[in-house]
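Welcome to a short tour of a protein chain. Have a look at the picture first, and then read on at your own pace.

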Amino acid sequence: DNQIRFVKSALWYHGYGRPELYRLPSDGSAGSRELLLAFSWLLHRISLLEQLLARNRVKTGDEASVCTCEDDLPNSQKSTTEIAPEYGLEDRVDVRYLQWLNGRLRFQWRSLHAQHQEQCKLLHKIHLFTSGSHMDRILGHFSVTEIDLIRQPENYKQLLQLLESETMQLEAFLEWKQLEPVYWQWMETVLDNMAEEGNMCESQDAHVEKSGPPKVTSCCPWADNLTGQIDRLSRDLMTLRDQLHKLVTHRKAAWCEKVKTREEELQKEGLSAAARKIQESVELKLLNLTCLCAPKKNKMHGSCRLVFRSKHPAGKTGFDRSVSKEPVSAVSATEVIRELQMREASLARELKQLQEECRQRLAEIAERLDGVICISP
């Protein structure tokens, strides 16, 4: 039961919108074809096999995960809230338990951040002390795996086994890519069969329920009726368009008058505070529009190998000009820090705006309560 619930929750989180899957029994007695469809959807939607290969990849170098892209939820997930698994949605959870979970999550996050900082310090020492010892002049230093092999040469057998296993997985993936068109052709037949079964069920239901309106057997009366409806809808749309045009003109004039009145009021009141708030909201919206309207900008995402770069590599290590020729996919730490700082500032402004909206809503709710005093923290 727990596995089935987890699968349903994971598919709902990724935006899978087929309601038949969430109606399956929790004992696993039915639904093999629905699971096949969901698995195929995951293959196409989130590149499941590529993610598994990236997760199981043997890390021979010192790598760090870098992500500066927006963590937007799938668009289809917004429409799947109505068909979400029913378990857990109706259960009422105590707010104090949620606060405890939030505090525990914050503590674990801080611990993880401290451990990550300590790891970065140790990696920096290894890269600094082994600088100039590597045969690869672009790297110039050893990684943790290479240092471990130097200190304990007998561990190379385990590393060799892992590399062989990864090679087998890559060969299987290449074989899958060759046979992938056959799989999708098979899935098309599965979908066609399910559509035919659905149409048969609908026809049977329509045959049983004979309370529907009588159908016109002749084709011409139906076509004439449809043409008349189209003409009537066209006239209604033209009328609505004229009415909307008049309404927009009237609203625009009224809005201009309101803007002029508001400008005069702002000049009399504290203009600086209002202008600051407006500027923050405009900057936030412009930042979101820039991210939406500039899809060509490549966001950094994935794992990158950490390579130590000294301020004067040529004078310190004696390398030639080939040292400065970094790969095309190289990313400097300062660039990543700058991107993350911009993202942090944007999220901080958005959080501040949401907190202000929540305070206003809580104040409105508190005003309706008789005999209750709410003190803000």
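Arginine 305 touches Gly61, Asp62, Glu63, Leu139, Ser143 and Glu146, leaving aside residues up to four places away in sequence. The model in front of you is a predicted one, and arginine 305 is a good place to start. This residue belongs to strand β2, which covers residues 301-305. Is arginine 305 buried, partly exposed or exposed? With a relative accessibility of 34%, arginine 305 counts as partly exposed, because the partly exposed class lies between the buried limit of under 20% and the exposed limit of over 50%. Arginine 305 can also be paired with threonine 60: the two are 245 residues apart along the chain, and 9.6 Å separates their C-alpha atoms.

Now turn to the other strand, β1, made of residues 63-67, where you will find valine 66. Its relative accessible area is 15%, so valine 66 is buried. Setting aside residues up to four places away in sequence, valine 66 touches Met300, His301, Gly302, Cys304 and Val336. Among these, His301, Gly302 and Cys304 fall within the 301-305 stretch of strand β2.

A third residue to find is glutamate 350, which sits in helix α11 (residues 333-368). Its relative accessible area of 36% makes glutamate 350 partly exposed. Like the two strand residues, glutamate 350 can be paired with a residue from elsewhere in the sequence. The table sets the three pairs side by side.

| Pair | Separation in sequence | C-alpha to C-alpha distance |
|---|---|---|
| Arginine 305 and threonine 60 | 245 residues | 9.6 Å |
| Valine 66 and leucine 340 | 274 residues | 9.9 Å |
| Glutamate 350 and lysine 285 | 65 residues | 9.8 Å |

What share of the chain's contacts with a separation of 6 or more comes from residues 24 or more positions apart? Such residues account for 73% of those contacts.

Helix α11 also brings us to a database record. In an unreviewed entry, UniProt lists residues 337-368 as "coiled-coil region". In the model, the span 337-368 is 100% helix and 0% strand, and the C-alpha atoms at its ends lie 47 Å apart.

Let us move to the start of the chain. Two packed helices are described by the angle between their axes and the distance between the axes. Helix α1 (residues 2-14) packs with helix α3 (residues 32-45) at an angle of about 40°, and their axes are 12 Å apart. That angle makes α1 oblique to α3, and the crossing of the two is left-handed. Which residues make the contact? From α1 come Val7, Leu11 and His14, while α3 supplies Leu35, Ala38, Trp41, Leu42 and Arg45. Six of the contact residues are nonpolar, one is polar and one is charged.

Beyond α3, serine 47 lies in the loop that leads to α4 (48-55). Its phi is near 55°, a positive value in a residue other than glycine. Serine 47 counts as partly exposed, at 32% relative accessibility.

Finally, step back to view the whole chain. How many helices and strands does the chain have? There are eleven helices and two strands, and from the N terminus on they run α-α-α-α-β-α-α-α-α-α-β-α-α. The chain has 377 residues, and buried ones make up 14% of them. Valine 66, with which you are now familiar, is one of the buried residues.

Note on methods
Residues numbered from 1 in each chain as written. Predicted model: local features only at pLDDT ≥ 70, side-chain atom pairs only at ≥ 80, totals over all residues. Heavy atoms only, no water. Axes fitted to C-alpha atoms, helices over the stretch in contact; angles between N-to-C directions. Helix = DSSP H or I, 4+ residues; strand = E, 2+ residues; numbered from the N terminus. Parallel < 35°, antiparallel > 145°, perpendicular 65-115°, else oblique. Left-handed = near helix turned anticlockwise from the far one by under 90°. Contact = heavy atoms within 4.5 Å. Nonpolar A, V, L, I, M, F, W, Y, C, P; charged D, E, K, R; others polar. UniProt positions renumbered as here; feature names shortened; annotations may be inferred. Buried < 20%, exposed > 50% of the residue type's maximum accessible area, 1.4 Å probe, protein only.
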